Amino acid sequence: MILPKTKGTTMKSIKKHCSLLAAILGLLPATSPAADSSPRADQKPNIIFILADDAGIGDFSAYGCKYGVTPNIDRLAAEGMKFTHAYSGSAVCAPSRCVLMTGQHTGHVLRRANQSKHGLLALPPEQTTVARMLHEAGYATGGFGKWGLGNPGTTGVAEKQGFDVFFGYYDQVHAHDYYTDHLIRNSVNVPYQQSGKHTWEDYSHTRIANETLKFIEQNKDRPFFCYAAWTPPHSEYVIPDNAPFSDKPWPEEVRNYAAMVALIDKDVGRVMQELQKLGLDDKTLVIFSSDNGANQQFIEPLGSTGGLRGYKRILYEGGIRAPFIARWPGKIQPGSTSDVLTSFVDFLPTAADMIGVPAPSGLDGISILPTLLGKTQSVQHDSLYFEIYEPYFQQSVRLGDWKGYRLGTKAPLELYDLKADPAEKQNLAAAHPDIVRKIEAIMAAEHTPSPHYDAPEQSEKETKKPNKKKKGTSLPELLNEENANPEPGKK
């Protein structure tokens, strides 16, 4: 376009007119480039990550639960995407949550077991977490439930790791007490007077779920990240009312566990109702998962591991294969299913991709945003690596349809074809030495020695009995959840 010549026209005035015209036509930003370098606040999606504690993939009807139904979680799957080859971060609580927060797998991350030979490890002050990244991008950040990555007085507390607020349990052992006399908000004790009648008002999860909903309502007008790390159905297995399983011919512990799963489903429904009420449905990605597989005692009566081998603390599929459902109306195709290989390492880079910021360096995860949006997932995992140090050292690798497992860094590898044998019954190592060598090479490359944990070269046969309880052993000791640095006043 040629500007008409007028008396007194100068180069400065021409530039001024061109800039004005370009802004009108949308060719230039109306604000300065610095102000528009990140997505506008009203374009950033809210993110809710709901994490059940110790629930197996077989506890949810979207994945074939045999003993009950979870209608609200089913609705997430019907209105979103269900992943069929998703994994948690580890087979036990603290390392799994550490993987979720940091995007590093258990061969690299600080926490590789609930405990270490140096006691309870707290996240260091310089740690990059998904909460810190989102907070720095302008998000309100709230966590509710169990933290487990640093007790009050340490650098690992949630409010020093990117959360505006964290309410619930900081300590893993404290989280066993559903009728506690206090919970914690940002390292400060919040006392509660117990009635002694074990009512819903006394039950800790009631308060935690209510605080979750309050945070969503309080931040409805700005982008938020809500980490709902709810404690059920973790032990102790107590609940005010175990309906609708009260009449089942099961031990009370089993009835209570099933009711705790149903409670999680009910509160997932409350979150969905809150989003709808506030008009946030289309603006919010909701993810549902569990931190590790179910405990062994729920395999036979309930089928909580979905027919998979292993359970909590064991790196066979039953210990690490996780329910993983994502719902984001208008972005995720309703009723879709994905067989993309993914684990908790992918949450941080996916969140970074969603909000348009660079993912931190040194991550083991990838963004699965293309999969969520129904696009081609051009970058995929060649393999997924896991290691754990309780009840004994284990390594496992998922490589395509192959699964490798071993008990020591130089122990014989077990090899399974998960496509033909998802329950890992037939060891094919002898027939496929080439695959064995590939997986052994991955294990060697991905395992970084840690000063806090000892990885033996060979396993000892007697360590293959993780559930043999020594006389006089307490539950926290048995579960390796004994806290070397308990809260003040807690034994």
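Helix α5 is a suitable place to enter this predicted model. The helix has 15 residues and reaches 21 Å from its first C-alpha to its last, close to the 21 Å expected at 1.5 Å a residue. Its buried residues are Ser204, His205, Arg207, Ile208, Ala209, Glu211, Thr212, Leu213, Phe215 and Ile216. An α-helix has 3.6 residues a turn, so residues three or four places apart point the same way. The buried residues of α5 are covered by elements that include β1, β4, β5, β6 (182-185), β8 and α6.

From this helix the reader may turn to the nonpolar interior. The largest nonpolar core has 57 residues, and those with the most contacts inside it are Ile48, Tyr67, Phe224, Val268, Leu275 and Phe288. Two or more residues each are given to this core by β1 (46-52), α2 (71-78), β4 (140-146), β5 (165-169), α5 (204-218), β8 (224-229), α6 (252-277) and β9 (284-290). The largest share, 12 residues, comes from α6.

Phe288 illustrates how parts of the chain meet. Leaving aside residues up to four places away in sequence, Phe288 touches Ile50, Ala52, Phe60, Ile73, Leu76, Ile264, Val268, Pro323, Phe324 and Ile325. A second, separate core comprises 47 residues, among them Met81, Leu123, Ala326 and Ile332.

The chain as a whole completes the picture. It contains 12 helices and 16 strands, and 55% of its 491 residues count as buried. Of the contacts between residues at least 6 apart in sequence, 68% join residues at least 24 apart. The chain exposes about 21400 Å², of which carbon and sulfur atoms supply 53%.

Note on methods
Residues numbered from 1 in each chain as written. Predicted model: local features only at pLDDT ≥ 70, side-chain atom pairs only at ≥ 80, totals over all residues. Heavy atoms only, no water. Core = buried A, V, L, I, M, F, W, Y, C linked by side-chain atoms within 4.5 Å. Buried < 20%, exposed > 50% of the residue type's maximum accessible area, 1.4 Å probe, protein only. Helix = DSSP H or I, 4+ residues; strand = E, 2+ residues; numbered from the N terminus. Contact = heavy atoms within 4.5 Å. Areas by Shrake-Rupley, 256 points an atom, 1.4 Å probe, with all protein chains shown as cover. Expected span 1.5 Å × (residues − 1).
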